[in-house]
Amino acid sequence: MLDLNFPKFSFRFKNSENKVSIFDVIRKKFIVLQPEEWVRQHCIHYLIEVKNYPISLINVEKELKVNDLKKRYDIVVFNTDGSIKLIVECKAPKIKISQDTFDQIARYNLTLNADYLMVTNGINHYYCKMDFEAEHYQFLRDIPEYSQQ
């Protein structure tokens, strides 16, 4: 797999039926290693090991309804009160991050109301803080580290 623009992390791999799988510490199972999954796993480890978010507050690949359509988010980080702190949209490294990508995560956020958004293809990362009163988002250099607020 391609080197990504994340720190180096230690992963567990498994090979079966000529398919390589990577262990997901959130879902507690091996997932077939695809380019987007490679990015997702790096992002999960970044949130846990660099930004210190507790594993118990991270959720991966769950379904949500947006305008009666079933969608799946990549990563959500909760606050301790159950509200959503962060939504992460992961793309494969060869997928260019575009306005469409931001529109996608913004649509998800109409339902989820997260404080922060992150979009990454493993090479380029974009971070935003939501301002719900002014109905816009402000780009940041990085997402904040976990704190107990």
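A helix here is a DSSP run of H or I at least four residues long, with numbering from the N terminus. By that rule, helix α1 covers residues 35-50 and holds both E36 and R40. The model is predicted. This briefing covers helix α2 and the salt bridges, of which a search of the whole structure finds 10.

**Helix α2**

- Helix α2 runs over residues 99-112, which makes 14 residues.
- At 1.5 Å a residue the helix should span 20 Å, and the 20 Å between its end C-alpha atoms agrees with that.
- The buried residues in α2 are T101, F102, Q104, I105, Y108, N109 and L112.
- These buried residues lie on the same side of α2, because the arc they cover around the axis is only 155°.
- An α-helix has 3.6 residues a turn, so residues three or four places apart point the same way.
- D100 and L110 are exposed and sit on the face of α2 turned away from its buried side.
- Just after α2, N113 has a positive phi of about 55°.

**Salt bridge within helix α1**

- Side chains of opposite charge can pair when their charged atoms come close.
- E36 and R40 form a salt bridge in which the closest N and O atoms are 2.8 Å apart.
- The two residues are four apart in α1, about one turn of the helix.
- E36 has a relative accessible area of 28% and is therefore partly exposed, the range for that class lying between 20% and 50%.
- R40 is at 3% relative accessibility, so R40 counts as buried.

**Salt bridge between K91 and E89**

- The side chains of K91 and E89 meet in a salt bridge with an N to O distance of 3.3 Å.
- K91 has a relative accessible area of 16% and is buried.
- E89 also counts as buried, with a relative accessibility of 4%.

**Salt-bridge network**

- Salt bridges with shared partners join D24, R27, E36, E37, R40, E61 and D74 into one network.
- Both partners of the α1 pair, E36 and R40, are among the members of this network.

**Salt bridge between K8 and D3**

- A salt bridge links the side chains of K8 and D3 at 3.6 Å, N to O.
- K8 has a relative accessible area of 67% and is exposed.
- D3 is at 58% relative accessibility and so counts as exposed, since the cut-off for that class is over 50%.

Key:
Residues are numbered from 1 along each chain as its sequence is written. This is a predicted model: local features need pLDDT of at least 70, side-chain atom pairs count only at pLDDT 80 or more; totals for chains, interfaces and linings use all residues. Side-chain values use heavy atoms; hydrogens and water are left out. The expected span of a helix is 1.5 Å times one less than its number of residues. Buried means under 20% relative accessible area, exposed over 50%, partly exposed in between (1.4 Å probe, protein chains only). The arc is that of the directions from the helix axis to the C-beta atoms. A salt bridge is a side-chain nitrogen of Lys or Arg within 4 Å of a carboxyl oxygen of Asp or Glu.
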